[in-house]
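Visitor: Please take me closely through the backbone of this model. Then lead on to the side chains and the ligands.

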Amino acid sequence: MSKIESPPQAEDPRLTIAQASCADDYDPNSMPVAKARAFIHQFLEPINAVLRVPVRSALGRVLAEDIHSPVNVPSHRNSAMDGWAMRGADLSSDSETTLEAGKVGPKQCVRIMTGGVVPEGADTVVMQEKARASGKSIAFAAGQKTGQNVREAGEDLKAGSLALAKGRIVRPAELGLIASLGVGEVAVYRALRVAFFSTGDELKSVGTTLGEGEIYDSNRYTILGMLARLGCEPMDMGVVRDDPKLLEKAFAQAAANADVVITSGGVSVGEADFVKTMLGKLGEVVFWKIAMKPGRPLAYGKIGGAHFFGLPGNPVSVMVTFYQFVRDALLVLMGANPVEPIPTFRATCATRLKKAPGRTEFQRGVLTRNDDGSLSVRPTGEQGSGILKSMSDANCFIILADATGNVEPGTSVEVQLLEGMV
Ligand code: AMP
Ligand code: MG
């Protein structure tokens with residue numbers, strides 16, 4: 001536990017990170033995944049800066065106020081089918097009925113198209129496939145019901161009713177729904193500013209030549225990609241050497257300019273010590289060994305007003321910890337409500353998996369559908385935490401719970417899709 005710079009005021013009812021980590025069963029050296037997640041969520045307050053944008057610009061943003069429908073949707077009673085409108089009472093239910101085309105009156109009917117306003121007096125529509133025209137005489141098949149194929153005004157949404165609640169993420173369906181109300185502008189939260197940098201003396205940026213023992217920095221690219229997909233405003237601060245002075249400057253600058261600071265590397269046992277001391281000066285940060293693989297070391301805290309996530313250095317660990325801890329936290333901070341974890345479901349594991357009990361594993365898998373419709377999953381080759389190809393080849397995580405040991409072929413396992421409709 002790092003030292004606290006400014007102790008909370010006595011009247012401040014909010015829990016501090018230091019207080020939360022004093023719980024009896026709090027063990028930073030063996031932190032279960034769910035517990036770490038719950039710990040972080042205690043400190044997340046959505047941003048409150050709001051702006052009004054044209055509907056087109058709202059895609060991927062979070063609604064900052066409820067949207068009530070200013071109109072009935074649909075606005076008029078209308079037909080759900082191409083066909084004929086009539087008075088339902090004129091139709092016989094057990095035999096064919098012939099009506100005269102023209103107006104809506106007793107024993108009459110009118111042509112109507114899908115979406116067309118159902119004329120006064122008519123209450124029923126028969127689809128054209130159930131009608132046979134012979135001049136002005138239209139014969140309707142038996143079995144029609146009064147009221148069928150008519151959509152009442154306000155059936156989807158009554159004027160004044162809640163169309164979309166504050167906190168909803170705007171997807172293509174919401175864009176269309178908002179437009180269907182005739183609403184041209186909406187209030188959304190401003191984008192969350194997320195500063196990130198990589199730490200490590202061995203890291204080189206793309207476009208330079210590698211010296212002995214050096215590697216290209218890939219974490220800034222995966223982090224950029226994950227942030228961009230979430231709709232955050234990424235602030236790339238480059239690579240920072242493992243030098244306390246440079247790191248301190250980078251942390252201070254990031255925290256002053258962003259809502260969230262994400263780093264990769266430098267939180268593992270061998271490296272954490274001077275980072276701990278330095279972050280202890282700047283804010284309040286806890287360092288955990290999470291009972292998971294990959295992604296054991298993880299740091300979380302507040303630096304000034306900014307939330308801080310210190311991810312491990314290994315490229316696969318970065319992605320796994322981002323999806324398991326950071327994603328949901330960012331959504332909460334972005335104002336999304338409710339925030340649902342990425343759903344999981346079950347599939348049959350096609351191969352044997354090695355797994356030690358006592359930690360949650362996130363193996364990278366390929367989920368396929370078998371000819372009989374059932375789902376199979378198999379891991380993507382080598383599962384080392386540095387092997388980014390295992391993520392790239394995967395379309396899902398295979399999540400093996402703490403208690404699980406080795407998995408035999410044919411066993412049902414939990415999977416979580418990496419793919420979505422985008
Ligand atoms: P660390 O957590 O800093 O000890 O790093 C763990 C491993 O991840 C080391 O092998 C690092 O070289 C590697 N690593 C750290 N940062 C990056 C990065 N930005 N891109 C690629 N590999 C990294
Ligand atoms: Mg390092």
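Guide: The elements come first. Helices (H or I, at least four residues) and strands (E, at least two) are DSSP runs, numbered from the N terminus. The model itself is predicted.

Start with Asn-149. It sits in the loop between β9 (137-140) and β10 (150-151). Its phi is positive, about 60°, although the residue is not a glycine. Is Asn-149 buried or exposed? Neither label fits, because its relative accessible area is 23%, while buried means under 20% and exposed over 50%. Asn-149 is therefore partly exposed.

Lys-107 is the next stop. Its phi is also positive, near 60°, and Lys-107 too is a residue other than glycine. The loop here runs between β5 (97-101) and β6 (108-112). Lys-107 has 51% relative accessibility, so it counts as exposed.

Now the cis peptide bonds. Lys-293 and Pro-294 are joined by one, with omega about -5°. Pro-294 belongs to the loop between β19 (292-293) and β20 (297-303). Another cis bond runs from Asn-337 to Pro-338, where omega is near 0°. Pro-338 is in the loop that separates α7 (315-333) from β22 (344-349).

From backbone to rings. The count of aromatic pairs comes to 10. One of them joins Phe-197 and Phe-251, whose ring centres are 5.2 Å apart. Why is this pair edge-to-face? The planes stand at 70°, and planes over 60 degrees apart count as edge-to-face. This pair links distant parts of the chain. Phe-197 is in strand β13 (residues 193-199), and Phe-251 is in helix α5 (residues 244-257). They are 54 residues apart. Both residues are buried.

Phe-251 also pairs with Phe-308, with centres 5.3 Å apart. Here the planes meet at 85°, so this pair is edge-to-face too. Phe-308 lies in strand β21 (residues 306-311), and the pair ties helix α5 to a part 57 residues away in sequence. Phe-251 has a relative accessible area of 2% and is buried. Phe-308 is buried as well, at 1%.

Other rings group together. Tyr-26, Phe-39, Phe-43, Trp-288, Tyr-300 and Phe-309 form one aromatic cluster.

Next, some buried serines. Ser-264 lies in strand β17 (residues 260-264). Its relative accessibility is 2%, so Ser-264 counts as buried. Its side chain makes a polar contact of 3.1 Å with the side chain of Asn-219. Ser-390 is in helix α8 (residues 389-392). Ser-390 also counts as buried, because its relative accessibility is 2%. The partner in this case is backbone: the side chain of Ser-390 reaches the backbone oxygen of Ile-387 at 2.7 Å.

Now the ligands. How many residues surround ligand 1? There are 16, and the closest are Glu-202, Asp-217, Ser-218, Gly-266 and Glu-271. By class, the shell has 9 polar, 4 nonpolar and 3 charged residues.

Look at the polar contacts of ligand 1. A nitrogen atom of ligand 1 is 3.1 Å from a polar backbone atom of Ser-218. An oxygen atom of ligand 1 is 3.2 Å from an N or O atom in the side chain of Ser-268. A backbone N or O atom of Gly-313 lies 3.1 Å from an oxygen atom of ligand 1. How much of ligand 1 does the protein cover? It covers 79% of the 480 Å² of accessible area that ligand 1 has on its own.

Glu-271 leads to the metal. Among the residues closest to ligand 1, Glu-271 also provides the protein donors of the magnesium ion (ligand 2). Both donors are OE atoms of Glu-271, lying 2.5 to 2.8 Å from the ion. Water is not among the atoms, so the site may look incomplete. Glu-271 itself lies in helix α6 (residues 269-282).

How values were computed: Residues are numbered from 1 along each chain as its sequence is written. Chains are lettered from A and ligands numbered from 1 in the order in which they are written. This is a predicted model: local features need pLDDT of at least 70, side-chain atom pairs count only at pLDDT 80 or more; totals for chains, interfaces and linings use all residues. Side-chain values use heavy atoms; hydrogens and water are left out. A residue is near a molecule or strand if one of its heavy atoms lies within 4 Å of it. A polar contact is a pair of N or O atoms within 3.5 Å; within protein, one must be able to donate a hydrogen and the other to accept it, and residues adjacent in sequence count only if both atoms are side-chain atoms. Accessible areas come from the Shrake-Rupley method with a 1.4 Å probe; for residues, only the protein chains shown count as cover. Ala, Val, Leu, Ile, Met, Phe, Trp, Tyr, Cys and Pro count as nonpolar, Asp, Glu, Lys and Arg as charged, and the others, Gly among them, as polar. Donors are N, O and S atoms within 2.8 Å of the metal (3.2 Å for Na, K and Ca); water is not among the atoms, so sites may look incomplete. Buried means under 20% relative accessible area, exposed over 50%, partly exposed in between (1.4 Å probe, protein chains only). Rings of Phe, Tyr and Trp (its six-membered ring) pair if their centres lie within 6.5 Å; planes under 30 degrees apart count as stacked, over 60 as edge-to-face and the rest as tilted.
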